[in-house]
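Please study the model shown below before attempting the exercises. Each exercise is followed by a worked solution.

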Amino acid sequence: MEKRYSPEHVANLFGVTRATVIGWCQDGTMPAVNVARASAKRNRWRMSELDIETFSSRRANRPEQQTTAKTKSRRTVTRPTRDYFASK
């Protein structure tokens, strides 16, 4: 029988929250199996070692996320300051 892992265990492996792993399972990003009974109102997700390896390899091969360019400050005009204490 293949060992299955809970969302808590997978969250610890990837350094994310349990809710993030459950979100991955619900949207299909993470291959997982719902082991809850059909009459249950709540899903119980479990992931096999193969599922975790597949997800990990897909995650490692994804393109780098583009970082947003730093925005300039809202004040674009630099005004000269006056020195009121300087002798004239």
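The exercises below concern the helices and the sheet of this predicted model.

**Exercise 1.** Determine how helices H1 and H2 are oriented to each other, and which residues meet.

*Solution.* Begin with the axes: those of H1 (residues 7-14) and H2 (residues 18-27) come within 8 Å and cross at roughly 105°. Angles of 65 to 115 degrees count as roughly perpendicular, and H1 and H2 are therefore roughly perpendicular to each other. Next, list the residues: Pro7, Glu8, Val10, Ala11 and Phe14 of H1 meet Arg18, Val21, Ile22 and Trp24 of H2. Finally, sort the residues of this contact by class: seven are nonpolar, two are charged and none is polar.

**Exercise 2.** Describe the packing of H1 with H3.

*Solution.* The axes of H1 and H3 (residues 49-60) lie 12 Å apart, at an angle of about 35°. The handedness of the H1 and H3 crossing is right-handed. On the H1 side, the contact is made by Val10, Leu13 and Phe14; on the H3 side, by Ile52, Phe55, Ser56 and Arg59. By class, five residues of the contact between H1 and H3 are nonpolar, one is polar and one is charged.

**Exercise 3.** Establish the strand order of the sheet, and where H3 packs on the sheet.

*Solution.* Three strands form an open sheet, ordered E1-E3-E2, with antiparallel pairing. E1 (4-5) and E2 (33-34) are the edge strands, each pairing on one side only. E1 pairs with E3 (residues 45-48) over two bridges; Tyr5 has Met47 in E3 as its bridge partner. H3 packs on the sheet and touches E1 and E3, its direction making about 80° with that of E3.

Definitions and conventions:
Residues are numbered from 1 along each chain as its sequence is written. This is a predicted model: local features need pLDDT of at least 70, side-chain atom pairs count only at pLDDT 80 or more; totals for chains, interfaces and linings use all residues. Side-chain values use heavy atoms; hydrogens and water are left out. Axes are lines fitted to C-alpha atoms, for helices over the stretch in contact, and angles run from 0 to 180 degrees between N-to-C directions. Helices (H or I, at least four residues) and strands (E, at least two) are DSSP runs, numbered from the N terminus. Angles under 35 degrees count as roughly parallel, over 145 as roughly antiparallel, 65 to 115 as roughly perpendicular and the rest as oblique. Contact means heavy atoms within 4.5 Å. Ala, Val, Leu, Ile, Met, Phe, Trp, Tyr, Cys and Pro count as nonpolar, Asp, Glu, Lys and Arg as charged, and the others, Gly among them, as polar. A crossing is left-handed if the near helix is turned anticlockwise from the far one by less than a right angle, and right-handed if clockwise. Two strands pair if DSSP finds at least two bridges between them.
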